[in-house]
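Work through these exercises with the model open beside you. Try each task before you read its solution.

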Amino acid sequence: MTVALVLTARGAGLAERLGLKALPLEEMEGRFEAGEPVVAVMAAGIAIRRLAPLLADKREEPPVVAVAEDGSAVVPLLGGHRGANRLARRIARTLGVKAAVTTASDVLFGVALDDPRPGWTLANPEMAKSVMASLIAGEPVRLEVEAGDTRWLAPLPWSDEGRLAVRVSDRSLAPKEDELLLHPPSLVLGVGLERGASSDLLLDHVARTLEAEGLARASLAAVATLDLKGDEPAVAALELPLRLFDAAALGRIEVPNPSPAVAAAVGTASVAEAAALAAAGEGAVLAVQKQIGTRVTCAVARIAPPKGRLTVAGVGPGAPAMRTAEVEAAIAGAADIVGYGPYLDLVADLTGMKRCHPLPIGKEKERTDLALRLAREGKDVVLLASGDAGVYALAGLALERSNGAVPVTVLPGITAMQAASAKAGAPLGHDFSVISLSDLLTPLEVVRARVEAAAAADFVIAFYNPASKERRQPLEEALEILARHRDPDTPVVRARNLGRADELVAVETLAGLDREAVDMTTVLIVGNSRTTIVGDRVVTPRGYSS
Ligand code: SAH
């Protein structure tokens, strides 16, 4: 029981406000040594001096929180990760103040490995400190997930490589050196038993089954059975949270090993398997099918990891004002953001402390696969593209490579051509085509043929990837083709670095285009035979009859 130690009547009043029993200062040592959480309503120094001589093993000692008598300050003093931070936050909420949490990991990440979520256990707690210290120091630590809902671990800065690792597994493994092993509450034990079957029989059968199957007892989140068996002492002896189902509910669950004899006796063909699956919820699978022992049966279901999802979002050409609200919301809500480094910079105002995964340009497959992997692990992931994610970008690749394993959503963005068009006026007012001049992924003959066709059909043409330092020829050829079909005075919009600091939008002509200035940060829009200049703006009339 949490108790409050007080010095004065004022302190006692505060303890009452917190709903805690107020005890005199003299009882502090005794309570602390009995392992009771201590709330010291007094100056921190008084509590520190009294407890200092008793401090021995921080893994054994109860949490200690100091609270100012006037309720203005709450400081977890000892056992921050053994409940003091949580207790302090709860008290602080009641008092309407902020808890002065000082443990490094909480301050940095809001998560501490030695203070896991309820139901989680550390197989080798002695490793927690060094792993946490490495994370705080910015050293690479891997996260290897086999099972469980690991979303609470998402704020930690995991790396894809590194010597140290945190493994999350519901198997009973011997932790490797350099590895912290966490057991998630990811298994549900289903049991069936004859009335009055002894606790020893059940405990022994369960222990043997888990051992034979290499599963960790610590990962059992609950035991499930038929409602009629809920009061069996053997079930209580398992000391697990109990989930009960009636025969009708169990009868609806499909199982691999139904039994007519069981059906005749209790009205459902499966108890152990069906109860385990029912309690483990949607998507659960049997990790262990029905194991028959003496008077008892058991099965184990594995809870499905939470479903992650991937959102492929185009952030527009650069300026925050050109991002859609939907894209901003997706980025703000995601746990992980994957993208080419400069794209991540474009959304730095939204990502804060989020886990960003910058990857170099050209590594499209790697970027996509990393995003998909994170989503498969249950994360809410955003894969960033510039402009629109579906225009010469990653959306198609993400859909192809996901193979339906995770839901993929594509969000539209303002593509470079639209930004260029709006800045220059309205050059896209009539039918247009869009051609990438990069011959990296498309043979040059195909590019040529498309330019020829679009030019002949009098389409307005937007050119993406128009030229890089080395790759100038496709642009030269495209201009030659256009010269055969269009007037040398045809307006051309040359837009560079749209939405970025050195944005430039120049209106030139087919003959007068500054070809040397065209680079990979440029998009070109070549007018059709009707495109004109109105003032300083480019306009393609809406129709041919006007
Ligand atoms: N998905 C992006 C296009 C990627 S292909 C989009 O929808 O905009 C890359 C090409 O897009 C560049 O070579 C350039 O032609 C064009 N581009 C992208 N961003 C641009 C910007 N801010 N200014 C001008 N052109 C840009």
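**Exercise 1.** How many Å separate the centres of domain 1 and domain 5, taken over C-alpha atoms?

*Solution.* Start with the ground rules. This is a predicted model: local features need pLDDT of at least 70, side-chain atom pairs count only at pLDDT 80 or more, and totals for chains, interfaces and linings use all residues. Residues are numbered from 1 along each chain as its sequence is written, and side-chain values use heavy atoms, with hydrogens and water left out.
Next, find the two domains. Domain 1 spans 3–102 and domain 5 spans 417–539; such bounds come from an automatic or database domain assignment. Between their C-alpha centres lie 70 Å.

**Exercise 2.** Which domains each give at least three residues to the shell around the ligand?

*Solution.* Domain 4 (309–414) and domain 5 (417–539) do. The ligand has 20 residues around it, where "around" asks for a heavy atom within 4 Å. Asp-388, Val-391, Thr-415, Met-520 and Thr-522 come nearest. Now sort the shell by type: 11 residues are nonpolar, seven polar and two charged. Here Asp, Glu, Lys and Arg count as charged; Ala, Val, Leu, Ile, Met, Phe, Trp, Tyr, Cys and Pro count as nonpolar; the others, Gly among them, are polar.

**Exercise 3.** Which residue has a polar backbone atom 2.7 Å from a nitrogen atom of the ligand?

*Solution.* Look for polar contacts, pairs of N or O atoms within 3.5 Å. Val-391 fits, through a polar backbone atom 2.7 Å from a ligand nitrogen. Pro-317 also offers a polar backbone atom, 3.3 Å from a nitrogen of the ligand. Asn-465 uses its side chain: an N or O atom there is 3.0 Å from a ligand oxygen. Then check the cover. On its own the ligand has 530 Å² of accessible area (Shrake-Rupley method, 1.4 Å probe), and the protein covers 93% of that area.

Technical notes: Polar contact = N/O pair within 3.5 Å; in protein donor to acceptor, adjacent residues only side chain to side chain.
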